[in-house]
Structures are given as structure tokens and as C-alpha cells.
Amino acid sequence: MIRKKGGKSLPKISTASLPDIVFMLLFFFMVVTVMRDTDQMVEVSYPKATELQKLEKKSLVSHLSVGPPTAKWQTKFGTAPRIQLNDRIATDVKEVRTFIQNERGKLKEALQGKMTTSLKVDEGVKMGIISEIKTELRKASALKINYSARTNEELSDQ
Amino acid sequence: MAKKKREAPEINASSMADIAFLLLIFFLVTTTMDVDKGIVATLPPWVPEQEPPEDVEANARNVLEILVNANDQLLVEGEVMDIKDLKGITIKHITNNGVDPDFSLSPQKAIVSLKNDKGTSYGRYLSVYDRLRAAYNQVRNDFSMNTYGKAYDDLEKVDQKKVREVYPLKLSEAEPKDYSGGGQ
């Protein structure tokens, strides 16, 4: 094949291994994929921290975002920080409790105690609203929480 | 090129790549690589009545008092402090063992009290909280290195619990007060 005898036709490059390569990539992405569950209705820029832990058991985590509504929702909800529970924006902080109870109801009974609430809060939000949310979480006895944050490279070496 | 005697006819696999590409692109688009990372914390359970003040007998020296005001400024034990020094002073407080009369008697008795204003930003709150956790993590890690010769994270669960009992994280968070009137 490679020897040029006639020198007329170029040898074909074998593409037989192409599917294998593509499948390899495909499996990689299939494994790491987390389907986007809901679209963000509030803008969240995470605060920085160093003592981070990865959240395990994604199915046991319920998400709660707090921040100013995105441009799309500003006409409806204004620019003041709002609480997003799954795919809707809460009008009152008391809705957090029913939200937690609903989320807990979706889990198996044995796992209900392990439920974690991930607080995705914008760094500019004031503590007043956060402590109200925390009170609601305590009332709903959702005591395991997680403050979502980014890695702080400047401080991590200390 | 020349085929050998007799072979089973090959299945044309040239479209396989196309199909795989299609799937690949789908997963590429739907992938979100960011892993949810954060500081794990446990809230105190809710008590219906007004909570009785914890540890009434807690000496003033055992409590490291941290105040954060609405301008995100830090007051530690009555003195203005930069957040860079917070980890150091917390470690000093925990590991004091009664040496300095201003700091705790023993790690078991040491309490960190964190008070916010309603107008404090969440970013500042979390960075303060992060520094406190960093202090405890370092103290625990040092203890674990000296006792077990291993990092805290590499210890067995039982030993981790023992280390936690030696250096318990006693963080008391008061309800934010509205000193400035800036919180909504």
C-alpha cells in the first residue's frame, strides 16, 4: 500500500479507528454530564473561600439560590435580592419551609435525615435575608447546609 | 488490498462515527462541568421558646467575640482587626490552654461568638466563617499530625471524631442585629 508503484492514487487514510476515538470521548462526557435541571432566575456570584468540600450524593441535595433577579426577570421581580426555589421565585421567605418539606418528601425515608440544602447566595446579599432563611431551615429541621463558594487561590496556601 | 480466500462480508461502519458524533455533541452541550463546592455547616436545631443563653457560666475569657458591622468591618474582642489576622488570633484563642488571661482556658471550653449586622454582606460573612473554619482545621490537622502522624483527612472516622472531641468547634451565631438600619 505505502510503496509507490504507480504513484497515481494517494493512499487512503484509514478512518476505522475514528468511531473508537469518538466513542471514548462520548463515554467520558456521558459520565461527567450532569443535566442542567433548572435555569437560573437569579444572578449569583459565589463568594470565595478556602475550606471547601465537594458535595457528594447529588440526589440528596436541594438547591436554594439567593440573589438579584437576572435581566429577564427584572421586570417582574425588580432588582432586590430574591430567593429562587427550583424553578420559581419565592415571594415570601416562609415558602422556604414548604419547599424543604416537599423536597424531603421526594426522598426515601431512610435518606431523609441526610438531606443537604445547598445555599447558593450572591456575595452582595445582606445578612438579614440570609438569617431569615436560616431560621426557616431550622424550623424545617433541615440542619445540614452547604454554603456554595469558589476556591480562593490567594489564601489557599496559607 | 487483495482479499484472502473467503471472509464474512463486512458491515459498513462508516456511519458509526456520525452517530457517535451526534451523541457526543449532545452530551457536550448538556454538560456542566462545575462541581458544587462549598463549606458544609450544621445549623443548631430550632427551639420554639426563646433560647436560654448557652453556657451561662462561660467565662468572658473563653469567648472570642467577633462583630461584623454593616460596612463589613471586623471587631474582635473590642478591637478593629483585618480579616488576614483572624485565623491567627482564632488559633491563639483555641490553643491558649490558660496561658494568656485574655484567651480560653482549654480548647474544649473555647467558644467563638460571631455576630453580624443585618447589613453585613454575605460575602464578608462567609469569608469570616471560612477563616474560623480554617483555624479549626489547622489546629485539628496539627494535633492529628502529632498524635497519629497523619493528616486529619486521612484518619479513620473514629479517630477523626476523637480529634474533634479534643478541638470541638463551638461557634455561636447570634441573630443579626439591625444596628445600622441598613438591612432590609
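Biologist: When H2(B) passes H3(B), is the crossing left-handed or right-handed?

Modeller: Heads-up: this is a predicted model, where local features need pLDDT of at least 70 and side-chain atom pairs pLDDT 80 or more, while totals for chains, interfaces and linings use all residues. Residues are numbered from 1 along each chain as written, chains are lettered from A and ligands numbered from 1 in written order, and side-chain values use heavy atoms, without hydrogens and water. A crossing is right-handed if the near helix is turned clockwise from the far one by less than a right angle, left-handed if anticlockwise. The way H2(B) passes H3(B) is right-handed.

Biologist: At what angle do H2(B) and H3(B) pack?

Modeller: H2 covers residues 86-94 of chain B and H3 covers residues 122-148. Their axes (lines fitted to C-alpha atoms over the stretch in contact, angles running from 0 to 180 degrees) lie 9 Å apart, and the packing angle is about 45 degrees. That makes the pair oblique, meaning not under 35, over 145 or 65 to 115 degrees.

Biologist: How do the residues of that contact divide into nonpolar, polar and charged?

Modeller: Contact means heavy atoms within 4.5 Å. On H2(B), Ile91(B) and Ile94(B) are among those involved, and H3(B) offers residues including Leu132(B) and Val139(B). The split is nine nonpolar, two polar and two charged.

Biologist: Which residue in the turn of the E2(B)-E3(B) hairpin has a positive phi?

Modeller: E2(B) and E3(B) pair antiparallel over three bridges (pairing takes at least two by DSSP), with Leu67(B) opposite Leu75(B). Five residues sit between the strands, and the one with a positive phi, about 65 degrees, is Asp72(B).

Methods
Helices (H or I, at least four residues) and strands (E, at least two) are DSSP runs, numbered from the N terminus. Ala, Val, Leu, Ile, Met, Phe, Trp, Tyr, Cys and Pro count as nonpolar, Asp, Glu, Lys and Arg as charged, and the others, Gly among them, as polar.
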